[in-house]
Amino acid sequence: MLMTLIRRELLDNLMTFRFAAAVFITLLLVVANTIVLLKDYEQRLTAYNKAVNESHQELREEKTYSGYAGALIIHRPPNPLSIFNLGLDKQVGNKIEVYHAFIPTMWDAEKHGADNPFLNLFTSIDIVLVFQGVLSLLALIFAYDALAGERERGTLRLVLTHPIQRGYILFAKYISAMLCLLVPLLISLLLSIILLTTSTTMSLRADDFLRIGGIVLTSLLYVSLFYLIGLCISAMTRRTSTALMLCMFVWGVLVLVYPNLILTAVDIVPQPNTQISVYNQIKQMWEEWDRENKRFLRNDAVLGPLSRNGEGWGFRLKGVEYSFAPSEDKPSTLLYFYQTSFYAGKIGAESEPQVPLVQDYYGFYNRETINTVQRTWLVRKPALEAIYIQPANLGRMLLRFSPGGLYDAATEAWAGTDLDGIQDFFSTVQRYRRAVVDYFYDKKIFESRQWFAADKGTADWDALPQFSFHRSDTGINAKRALPDMLLLLTMNVILFTVIMLIFIKSEV
Amino acid sequence: MWHITKREIYDNLNSLRFALTTVLLLALMVTNAVKHLREHPKRVQRYQDAVTESSDRLTAHADGSLYKLAQYGPGNFYKKPSPLHFCANGGESILPDTITVREPPVFATDAENNVILQGVWSLSYPDANLQNKNVGPNVSQVDWAFIIGYILSLIALWFTFDAFSGEREQGTLRLMLANSIPRHTVLIGKFLGALFSISIPFALAVLVNLLLISTANTVHLTAEAWGRLGIIFCLALLYTSLFVALGLLVSARVQQSAVSLMILLLTWVTFVVFMPSTLASIASSFSPATSFDEFWKQRNPVKEDLWDKYDEWLWSSKLDDKTLRGKSEFYTENAERDERWHEERSKYRSSQVYRARAITGISPATLLQHLIEGFAGTGFERHLQFVENTQRYARQLREFVADTDRADPESLHILGVREGTSKKPISPESVPRFEDTLNLSRDFNTAAMELLLLTLFVLVLLSGAYLAFVRVEV
């Protein structure tokens with residue numbers, strides 16, 4: 001019996017104009033956008049490759065180890081799945097410096113110079129956005145007359161004269177409509193995947209297809225939710241025209257009005273000046289470091305950092321105060337540190353006896369720097385989270401009250417372009433910085449002659465630990481997406497139950 | 001005809017959609033007003049503080065000497081926030097609001113860290129703000145441009161999708177046409193009826209919005225601002241009539257109102273939501289992105305040339321006319337090249353944006369967005385105006401410095417070099433001050449084309465609706 005009902009509904013739906021229009025418009029939008037997005041991705045990838053090469057060259061031009069300040073730069077590759085959900089992939093900086101005097105975070109990252117930031121004036125689009133707008137609309141259009149229409153035409157009464165449970169009718173309608181909606185979703189996705197695989201620059205791995213599967217599953221839940229919303233409206237109203245009007249209103253409110261309205265009403269802009277005391281604290285720690293540094297210079301036989309001295313390079317005389325200026329001073333990201341790089345082509349013969357002492361000094365200087373960084377990080381990390389992560393999470397939480405927000409969050413998690421996915425990259429960079437520091441400690445590079453002078457052997461950059469970043473496992477993506485998907489599922493179940501109750505109690 | 005219009009309005013006033021529309025528009029407009037009231041005073045305060053600081057710097061330089069003014073130039077320039085910010089946000093978070101004045105670069109120092117070669121100030125065009133600090137969700141702000149562009153257009157479709165198909169389904173269309181009314185009268189009656197029924201809740205919401213904003217004593221709207229608001233309101237009506245005409249056209253062609261709504265919505269989604277961003281992406285991918293380094297390489301050999309060209313003067317400490325003149329030329333040329341290079345880069349980027357804007361003009365939503373931005377004094381055009389204002393002022397100040405120097409008989413009239421410029425302090429009042437301005441007539445000129453295009457859209461759709469309705473069989 002159920003099969004008969006499903007078949008009837010399916011045939012009813014498949015032969016309609018709306019089905020054809022649904023397939024056509026989804027295909028058109030998805031394919032057009034895939035081509036554009038693919039091109040955009042390729043451009044970003046080219047920019048990334050160019051930048052990686054440039055940085056590689058730049059580092060090799062440095063002759064002393066201390067010269068790696070500002071030259072050891074890690075670039076964030078564009079995420080191929082950003083085509084499906086752009087998330088934060090384009091927004092967050094993609095160029096980060098690795099240096100022992102600060103812990104790199106995503107707020108210290110910058111953008112490649114090749115991008116034209118003015119183009120951010122135009123909103124960017126991704127495939128999930130197309131689905132979010134179009135599929136929800138289609139789901140409502142399939143649903144609005146499912147019950148109200150049959151009631152109007154009187155066919156509902158006819159069906160109910162047969163000994164069929166009302167639940168079956170609802171279920172049959174639901175299954176057939178979902179099958180119909182699945183067609184445009186799958187065909188368009190298939191086409192876009194074919195387009196992606198034909199591109200030479202785009203390399204999708206096996207687990208990427210699993211992630212895309214996750215996105216499809218989430219899309220299904222999302223579409224089903226909107227279908228059920230439409231069905232609910234259809235069950236509650238007597239006339240199809242009223243149902244149609246209400247559906248459209250609900251769509252406008254949920255997709256268009258709510259997300260923008262709520263985030264305009266609630267201020268979620270990061271406020272860096274709320275944490276200015278933390279910044280001052282960090283500054284104090286560094287000033288203390290500076291005093292320590294000067295005390296060392298005063299009490300030791302060492303004579304201070306390099307200065308030009310006749311023919312070659314020598315060292316400043318004892319008693320001459322020498323201080324560095326902080327090279328980075330950014331209250332908005334609570335960044336404050338000293339960056340120093342030294343280069344001596346040739347050390348004067350009269351300064352040669354001082355070299356071991358100076359080596360000692362730099363050993364001390366760098367050790368203290370790293371300790372200070374660790375100390376400041378303890379206060380900087382929570383403060384950065386309070387400034388940036390908390391408002392961002394609040395905003396996302398508020399958006400979760402609309403199905404679109406849930407859908408966006410879940411697909412972002414699948415694609416790995418969400419906040420967690422981006423943070424994965426920056427934690428890898430942080431681990432890499434640790435590895436570089438450990439390498440410098442191991443090889444005693446901080447207190448080596450090559451730290452500041454290039455006359456007896458230059459820095460060997462090829463022995464440096466290599467940076468590599470892999471996107472997190474699919475399992476982790478799934479774990480991040482699961483809460484939102486479960487919420488979507490729960491909403492689905494609740495709505496279905498509500499519709500059932502309404503429909504069973506309603507008079508035909 | 002008025003009879004039909006009246007009937008339409010009465011019909012709509014009692015309907016559910018009218019009530020929902022009113023509530024929706026009111027909620028949006030009130031949020032908009034509250035947000036503006038909360039943020040605008042802060043914005044103005046920030047601007048005034050910055051301008052005062054910049055002005056103080058100029059005063060300090062002028063008090064020092066003419067040479068100091070010539071070398072250090074004015075303070076930074078700030079974009080004046082528009083009082084009509086609530087009409088269109090215009091990508092405020094992306095566009096920079098400052099043009100900085102670069103400190104004179106130090107070219108060479110001696111062993112004791114004394115400056116021996118120091119250039120003169122130049123303008124530095126800032127990049128767009130990289131939004132890479134904010135990791136929150138990206139949504140559009142609820143401003144008038146959003147409310148009109150997205151919501152009002154959707155409402156227009158909502159009011160018209162069943163204009164003919166609904167009546168045909170009910171059979172009342174046949175009844176109406178049985179009377180001796182020409183069809184175009186019916187069409188225009190319907191058109192006006194729908195337009196008025198949408199205008200009523202919109203006007204109400206706008207009134208509440210403006211009432212909230214104008215009664216608060218923190219925000220002041222001048223007569224000119226009210227004029228601009230009037231224009232924006234008319235633009236909203238023009239834009240709405242475009243969608244009303246579209247709704248009537250589709251409704252006349254299609255038998256069922258559900259199908260008509262579906263076609264309308266999909267058209268709307270395509271033209272209003274997707275087209276602007278997709279076309280912008282396509283347009284911006286035409287021109288290849290050039291990296292900072294590539295630009296740098298183009299420029300660097302030129303800079304080397306300068307050092308060669310003035311080599312014989314730069315390292316001499318003689319104070320004769322020729323040496324000083326050589327140094328002065330080196331400094332000014334350096335500053336000019338710096339500025340020109342920056343300008344070229346920013347022009348290149350602007351042209352990319354311009355192309356994207358021109359192509360997205362196919363979408364009426366973008367046209368409206370640009371028009372509202374133009375009249376509200378925000379957005380990209382305004383940014384370019386600000387840059388232009390700054391450039392004009394920079395020229396003016398340089399001329400002023402040259403003229404004042406010429407008036408001093410003790411000076412050698414070699415600008416940019418300490419020994420060659422007047423060292424007399426000048427009264428700060430006599431120095432021209434920068435003022436960022438907006439004017440309406442200029443906005444009209446830039447907007448004319450877009451306005452024409454939008455009107456054309458309306459006319460084409462309206463005549464399309466007429467043709468469709470004339471041919472329709474009842």
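1. Let's start with one residue in chain A. A:Leu334 has 25 C-beta neighbours inside 10 Å, so A:Leu334 counts as buried; the cut-off for that label is 20 or more. Keep in mind throughout that this is a predicted model.

2. Where does A:Leu334 lie? Look in the loop between β5 (328-330) and β6 (335-337) of chain A. Its backbone deserves a glance too: phi of A:Leu334 is near 55 degrees, a positive value in a residue that isn't glycine. For background, most residues other than glycine have a negative phi.

3. A:Lys444 makes a nice companion case. A:Lys444 isn't a glycine either, yet has a positive phi of about 55 degrees. You'll find A:Lys444 in the loop between α12 (419-442) and α13 (474-505) of chain A. Is A:Lys444 buried or exposed? With 11 C-beta neighbours inside 10 Å, A:Lys444 counts as exposed, because the cut-off for that label is 12 or fewer.

4. Still in chain A, have a look at helix α8 (residues 240-265). Its 26 residues, at 1.5 Å a residue, should span 38 Å, and the end C-alpha atoms are 35 Å apart, which agrees. The helix does bend, though: α8(A) turns by about 50 degrees at A:Val257. A proline, A:Pro259, follows within four residues of that bend.

5. Now over to chain B, starting with its overall build. Its secondary structure comes to 15 helices and 5 strands. How spread out is chain B? The radius of gyration is 30 Å, well over the 23 Å that the globule rule gives for 474 residues, so chain B is more spread out than a compact globule. If you like to picture a box, the C-alpha atoms of chain B fill one of roughly 100 × 50 × 40 Å along the principal axes.

6. Two percentages help describe the inside of chain B. Of its 474 residues, 42% count as buried. Then take the contacts in chain B with a separation of 6 or more: 82% of them are between residues 24 or more positions apart.

7. Chain B also has an open sheet of 3 strands, in the order β1-β2-β5, with antiparallel pairing. The edges are β1 (77-78) and β5 (122-124) of chain B, each of which pairs on one side only. Strand β2 (residues 98-102) of chain B is joined to β5(B) by 3 bridges, and the two run antiparallel. To find a specific pair on screen, try B:Thr100, whose bridge partner in β5(B) is B:Ser124.

8. For a single residue in a helix, pick B:Ala203, which sits in α7 (residues 183-215) of chain B. B:Ala203 has 15 C-beta neighbours inside 10 Å, so B:Ala203 counts as partly exposed. From B:Ala203 to B:His220 is 17 residues in sequence, and 21 Å in space, C-alpha to C-alpha.

9. Finally, how do the two chains meet? On the chain B side, 59 residues are in contact with 67 residues of chain A. Helices that each supply at least two residues to that side of chain B include α2 (16-64), α4 (144-160) and α12 (321-360). Which element gives the most? That would be α9(B), with 19 residues. By type, the residues of the side of chain B that touches chain A divide into 33 nonpolar, 19 polar and 7 charged.

Terms used. Residues numbered from 1 in each chain as written. Chains lettered and ligands numbered in written order. Predicted model: local features only at pLDDT ≥ 70, side-chain atom pairs only at ≥ 80, totals over all residues. Contact = placed C-beta atoms within 7 Å. Nonpolar A, V, L, I, M, F, W, Y, C, P; charged D, E, K, R; others polar. Expected span 1.5 Å × (residues − 1). Bend = angle between axes of the 7 residues up to and from the residue. Rg over C-alpha atoms; globule rule 2.2 N^0.38 Å. Pairing = 2+ DSSP bridges.
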